[in-house]
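Student: I would like to go through this model step by step. Please show it to me before we begin.

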2 protein chains.
Amino acid sequence: MSGRKGEIDVRAKNRALADDNRQLLRKHGIFALNLIGSPGCGKTSLLERTAAHFADRMAVIEGDVKTDLDAERIRTAGVQAVQIETGGACHLNADQVGRALNELDLSDIDILFIENVGNLVCPSSVDLGEDVKTAVISLPEGDEKAAKYPALFVRAGAVVINKTDLLAHLEYSLERAAGDCRKLNSKVTVLPLSCRTGEGLDEWFAYLEEGIAAK
Amino acid sequence: MSGRKGEIDVRAKNRALADDNRQLLRKHGIFALNLIGSPGCGKTSLLERTAAHFADRMAVIEGDVKTDLDAERIRTAGVQAVQIETGGACHLNADQVGRALNELDLSDIDILFIENVGNLVCPSSVDLGEDVKTAVISLPEGDEKAAKYPALFVRAGAVVINKTDLLAHLEYSLERAAGDCRKLNSKVTVLPLSCRTGEGLDEWFAYLEEGIAAK
């Protein structure tokens with residue numbers, strides 16, 4: 001809902017601010033992931049599990065339309081977290097992330113997670129200065145999500161497929177889901193896992209360690 | 001992402017077109033619902049189940065970012081369906097719905113479902129000319145969704161809580177979920193059900209028959 005000129009200005013400004021964020025993160029040697037997925041796919045649960053592994057090597061920026069329930073969950077897991085309440089907006093922008101970065105102590109951090117607003121559509125086209133967009137989908141959503149919402153999956157460097165513990169109770173083909181992701185991006189890393197049982201988390205941690213080592 | 005003036009123009013134009021849609025639907029005595037929920041919450045499954053009950057008394061307008069998978073599912077269920085592919089846009093607008101209405105035979109229809117793009121945030125503030133916004137959420141998404149995404153739940157006349165068949169396999173409080181919905185809108189109708197087992201569908205059909213009778 002916008003005039004074309006206004007939209008281009010806002011996009012150019014966002015891109016410049018994202019580049020500032022990227023430069024700051026590079027200076028500190030921090031590997032940054034932008035987590036994008038629908039409400040309830042398990043983004044915060046994944047961060048809780050990841051906090052137990054990376055502890056004080058990680059920090060989190062939490063985006064929510066409303067409430068700071070998620071930042072509270074992350075802090076309870078013993079990790080630095082800054083909440084951004086978007087007040088209705090459907091995605092984070094680079095300005096908000098830049099302000100949140102100023103509130104974090106980045107000196108001893110190896111990895112930063114930016115948990116975007118729960119939304120499989122809008123956040124995918126907005127650069128926040130991250131290294132990798134990470135899509136988080138989950139089994140109960142159905143195995144055709146990449147085909148139906150391709151904009152994210154074309155851009156995502158990794159796709160986490162959460163809630164594999166429910167496989168026995170659902171009709172879901174991990175092969176179809178992973179195949180659709182690879183059709184849209186042949187270089188994507190697909191990581192099926194369960195935040196509830198811990199299945200597949202070792203592969204997720206190994207993926208993150210590789211990202212850190214490459215910085 | 002827009003200039004303020006452009007946004008106001010677009011909103012005013014959308015409202016006028018929504019009023020046109022409302023008038024057309026009223027002329028035909030059609031009860032119209034705008035289904036809003038995250039990707040994979042079960043909007044299309046709910047419509048398949050509903051098609052088996054209402055058969056040729058109903059029609060469907062299907063909104064998707066990409067693919068016509070959902071309209072195909074609805075047509076297979078024996079019901080008139082028009083697909084709107086938004087090509088990236090995160091919600092339907094009243095203009096698209098007006099064009100789709102022109103493609104439907106409305107003469108013998110009692111009820112129209114507009115299945116919005118899978119998104120719990122953006123579609124909630126865009127009037128399409130419907131009688132009722134119906135939120136569709138599902139157990140695997142977690143029981144705190146109304147609190148975290150209030151804009152939809154303040155406006156929704158009904159909330160369907162789908163996938164109750166998974167209750168034994170999840171930590172989910174139906175009381176908390178329903179209570180949060182009622183806190184945001186004391187008049188809301190909350191309908192827990194399972195599209196898989198059929199549990200709760202009779203209450204959903206009764207709700208729809210009441211809506212039809214009131215037109």
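**Questions on the model**

Student: Which residue has its backbone oxygen 2.8 Å from a polar atom of the side chain of B:Ser124?

Tutor: This is a predicted model, in which local features need pLDDT of at least 70 and side-chain atom pairs pLDDT 80 or more, while totals for chains, interfaces and linings use all residues. Residues are numbered from 1 along each chain as its sequence is written, chains are lettered from A and ligands numbered from 1 in the order written, and side-chain values use heavy atoms, without hydrogens and water. B:Ser124 sits in the loop between β4 (111-115) and β5 of chain B; helices (H or I, at least four residues) and strands (E, at least two) are DSSP runs numbered from the N terminus. The backbone oxygen at 2.8 Å from a polar atom of its side chain belongs to B:Val121.

Student: Is B:Ser124 buried or exposed?

Tutor: Buried means under 20% relative accessible area, exposed over 50%, and partly exposed in between (1.4 Å probe, protein chains only). B:Ser124 has 1% relative accessibility, so this residue counts as buried.

Student: Which strands pair with β6(B)?

Tutor: Two strands pair if DSSP finds at least two bridges between them. Strand β5 (residues 132-138) of chain B is parallel to β6(B) and shares five bridges with it. Four bridges, also in the parallel sense, link β6(B) to strand β7 (residues 189-192) of chain B. The partners are therefore β5 and β7 of chain B.

Student: In β7(B), which residue is the bridge partner of B:Ala158?

Tutor: B:Ala158 is one of the buried residues of β6(B). Its bridge partner in β7(B) is B:Thr189.

Student: What kind of aromatic pair do B:Trp204 and B:Tyr207 form?

Tutor: Rings of Phe, Tyr and Trp (its six-membered ring) pair if their centres lie within 6.5 Å; planes under 30 degrees apart count as stacked, over 60 as edge-to-face and the rest as tilted. B:Trp204 and B:Tyr207 both lie in helix α8 (residues 201-213) of chain B, three residues apart. Their ring centres are 6.3 Å apart and their planes at 15°, so the pair is stacked.

Student: What turn lays chain A on chain B?

Tutor: Copies are superposed by least squares on the C-alpha atoms of residues with pLDDT of at least 70 in both. The RMSD is 0.0 Å and the shift along the axis 0.0 Å, with a turn of 180°. The two copies are thus related as by a two-fold rotation axis.

Note on methods:
A polar contact is a pair of N or O atoms within 3.5 Å; within protein, one must be able to donate a hydrogen and the other to accept it, and residues adjacent in sequence count only if both atoms are side-chain atoms.
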